[in-house]
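Student: Could you take me through the reading of a model, from the overall fold down to single side chains?
Tutor: Gladly; let us look at it together.

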Amino acid sequence: MSEAPAALELVDVAAGYGAADILASVTLRAAAGRITTIAGPNGAGKSTLIKTLAGLLRPRRGRILVGGRDVTALSPAERARAGLGYVPQERNVFRNLTIGENLRIGHEFIHRRASRREFALARARVLDLFPDLAPRLNGLAGALSGGQRQMLAMGCALISGPSVLLLDEPSAGLSPRYVATMLDAVAQVNRSGVSVLMIEQNLVEAMRVSHDAILLVGGEIRGRWNAAAFLADPEVRTLFLGGTQRVAAPAQPERQRDGASAA
Amino acid sequence: MAQALLNGLVSGFLIALPAIALSLTYGILNFANFSIGAMITAGAYLAYFANATLGAPILVAAPLAAIGLGLIAVGVEHGVYRRIRNADHITLLVASMGVAFVLENAIRFAYGADVRALDVAVARPLAWHGLRLNHEQLVIALAALSAMAIVAVVLTRTRLGRAMRAIADDADLAEVRGIARARTVDWTWALSGALAALAGVLIALDGIVEPLIGTNYLVSVFAAAVIGGIGNPFGAVAGALIIGLVEEVSALAVSTTYRQGVSFIVLILVLLLRPQGLFGVARIRR
């Protein structure tokens with residue numbers, strides 16, 4: 001597949017809840033320094049995949065490697081310390097803690113010996129990226145709007161300086177204005193050297209910033225594309241756009257999201 | 001009346017310690033630790049052992065009891081609760097009842113059911129404008145306030161406290177952020193055990209040591225924690241003060257035999273009118 005070294009690699013991973021496997025046998029590589037988007041219809045196993053990567057779900061089989069290091073046996077906390085940042089789709093901030101405390105928690109358990117100055121610098125970098133958060137540090141995270149909450153969640157994952165960032169639908173539930181802002185922030189984070197693997201339903205916006213696209217259907221990888229070619233592929237169009245000729249973004253991102261989720 | 005209010009305040013401080021302990025473990029482990037009464041008793045007996053049996057002064061015996069019960073609580077976590085962590089909270093609640101039976105009967109086995117007393121000097125009560133404050137009450141108030149201040153600092157100003165609050169808020173996310181859950185849970189039990197032990201020592205100071213002294217406080221402690229919005233340690237302090245005051249003031253009208261009944265009535269009223277507890281709104285659950 002890709003010639004670049006893998007930031008994240010799954011080898012023959014099977015995972016699921018209860019008796020059934022949701023992921024049958026997934027093997028994929030996310031290239032270092034790039035943004036890889038995983039697309040797939042509802043129920044394809046995207047969330048199961050990202051939870052397995054973060055360590056919240058133990059795979060039944062297979063191996064997971066971060067930067068070549070086998071992390072399969074590590075807990076979520078150990079994976080975070082190994083450089084894996086994760087932003088869940090929902091419940092992604094500590095709602096009853098302040099924004100400042102959320103950011104601090106994002107840093108202090110990964111860099112346990114960091115000085116105040118190192119934390120201050122890391123926080124300044126995050127607040128540069130998301131200036132909306134700066135005046136609200138003493139407010140409760142649960143009081144933030146959806147878009148601001150998503151920014152805080154991403155800031156908390158970034159503040160520790162991860163080498164790989166996992167994003168579970170960073171634009172889900174956001175107003176159109178925030179969708180572009182959010183994905184631009186993802187691109188900016190990536191330019192600073194962080195490899196990104198994300199799940200996204202908002203495919204048109206996602207492909208604007210992505211380098212690679214991977215299609216997941218029914219718990220199996222169906223293929224891998226260059227982001228530019230992804231939406232033009234007939235199979236992808238049949239799956240997401242109902243086989244119509246419509247490829248350009250509709251005027252309303254909300255509508256387009258609905259279209260993307262209809263398998 | 002003023003005397004009843006003063007007594008109620010002191011009694012509230014006393015109830016606050018185990019109520020905080022109950023709230024801390026509830027917030028992080030999501031089950032009501034029914035053994036909190038037996039833990040209070042165990043704390044009193046550990047202090048009795050160090051003080052009356054070994055002859056240590058009470059100022060040494062009390063911290064020893066706190067450390068000892070903290071260690072026992074961590075031991076129980078490893079031996080019992082951790083093994084059934086994924087069971088539902090009713091299973092955990094029943095397990096904690098079992099722990100209560102074991103603790104209480106271990107105490108009976110070692111010391112029998114006799115009524116005992118700590119080896120402390122008796123001092124004259126302080127009098128001020130017709131109000132009487134026992135020496136023991138003063139010690140209870142000062143010790144409980146110091147313990148509450150320490151808990152508040154730990155919760156809001158330290159890394160451990162942030163880890164505890166983060167896990168109480170969202171355990172999965174806490175792990176994703178690098179927080180070692182098992183170790184934080186251990187510290188929570190240690191803190192909870194130390195608070196229960198301190199309460200046991202203070203109750204024993206004010207009265208006697210016998211195998212049911214903690215269990216007698218069980219209803220008051222649960223009422224305080226629930227009124228405060230269970231899982232919220234700061235609310236538990238407010239709930240404890242309310243329960244302490246109501247119990248003492250009601251003693252002016254009805255016999256003290258009904259003290260626990262009064263706690264129950266307050267608890268039921270609060271649950272009917274505000275099921276989330278008086279201070280339950282502060283927790284955001286969406």
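The dialogue below moves from the fold of one chain to a helix, and then to charged side chains.

Student: Before we go into detail, what kind of model is this, and how many helices and strands does chain B have?

Tutor: This is a predicted model, and the secondary structure of chain B comes to 11 helices and two strands. Along the sequence the order is α-α-α-α-β-β-α-α-α-α-α-α-α. The radius of gyration of chain B is 18 Å, close to the 19 Å that the globule rule gives for 286 residues, so chain B is as compact as a globular protein of that length. Along its principal axes, the C-alpha trace of chain B spans about 55 × 45 × 35 Å.

Student: What share of chain B is buried, and what supplies its exposed surface?

Tutor: Of the 286 residues of chain B, 52% count as buried, while the chain exposes about 12600 Å², with carbon and sulfur atoms supplying 69% of that area. As for contacts with a separation of 6 or more, 76% of them in chain B are accounted for by residues 24 or more positions apart.

Student: How should I read a helix such as α9 of chain B, and which helices do its buried residues pack against?

Tutor: Start with burial: nine of the 10 residues of α9(B), which covers residues 218-227, are buried, among them B:Leu218, B:Val221, B:Phe222 and B:Ile227. These buried residues of α9(B) pack against α1 (2-29), α2 (36-53), α10 (233-250) and α11 (259-273) of chain B. Just after α9(B) comes B:Gly229, which takes a positive phi of about 85 degrees.

Student: Which side chain of opposite charge is nearest to B:Glu247, and how far away is it?

Tutor: B:Glu247 lies in helix α10 of chain B, and it is buried yet has no salt bridge, the nearest side chain of opposite charge being B:Arg259 at 4.6 Å. The cut-off matters to that reading, because a salt bridge requires a side-chain nitrogen of Lys or Arg within 4 Å of a carboxyl oxygen of Asp or Glu. Leaving aside neighbours within four places in sequence, B:Glu247 is in contact with B:Ile15, B:Ser220, B:Arg259 and B:Ser263.

Student: How many salt bridges are found over all chains, and which residues are linked in a network?

Tutor: A search of the whole structure finds 19 salt bridges over all chains, and A:Arg104, A:Glu108, B:Arg159 and B:Arg162 are linked in a network of them. The general idea for a pair within one helix is that an α-helix has 3.6 residues a turn, so residues three or four places apart point the same way. In this case A:Glu108 and A:Arg104 are four residues apart in helix α3 (residues 99-108) of chain A, separated by about one helical turn, and their side chains meet in a salt bridge at 4.0 Å, N to O. A:Glu108 is buried, with a relative accessible area of 5%, whereas A:Arg104 counts as partly exposed at 37% relative accessibility.

Student: Where does B:Arg162 lie, and is it buried or exposed?

Tutor: The side chains of B:Arg162 and A:Glu108 meet in a salt bridge at 2.7 Å, N to O. B:Arg162 lies in helix α6 (residues 159-169) of chain B and A:Glu108 in helix α3 of chain A, so the pair joins two chains. B:Arg162 is buried, and so is A:Glu108.

How values were computed. Residues are numbered from 1 along each chain as its sequence is written. Chains are lettered from A and ligands numbered from 1 in the order in which they are written. This is a predicted model: local features need pLDDT of at least 70, side-chain atom pairs count only at pLDDT 80 or more; totals for chains, interfaces and linings use all residues. Side-chain values use heavy atoms; hydrogens and water are left out. The radius of gyration is taken over C-alpha atoms; the globule rule is 2.2 Å times the number of residues to the power 0.38. Buried means under 20% relative accessible area, exposed over 50%, partly exposed in between (1.4 Å probe, protein chains only). Contact means heavy atoms within 4.5 Å. Accessible areas come from the Shrake-Rupley method with a 1.4 Å probe; for residues, only the protein chains shown count as cover. Lys and Arg count as positive and Asp and Glu as negative; His and the chain ends are not counted.
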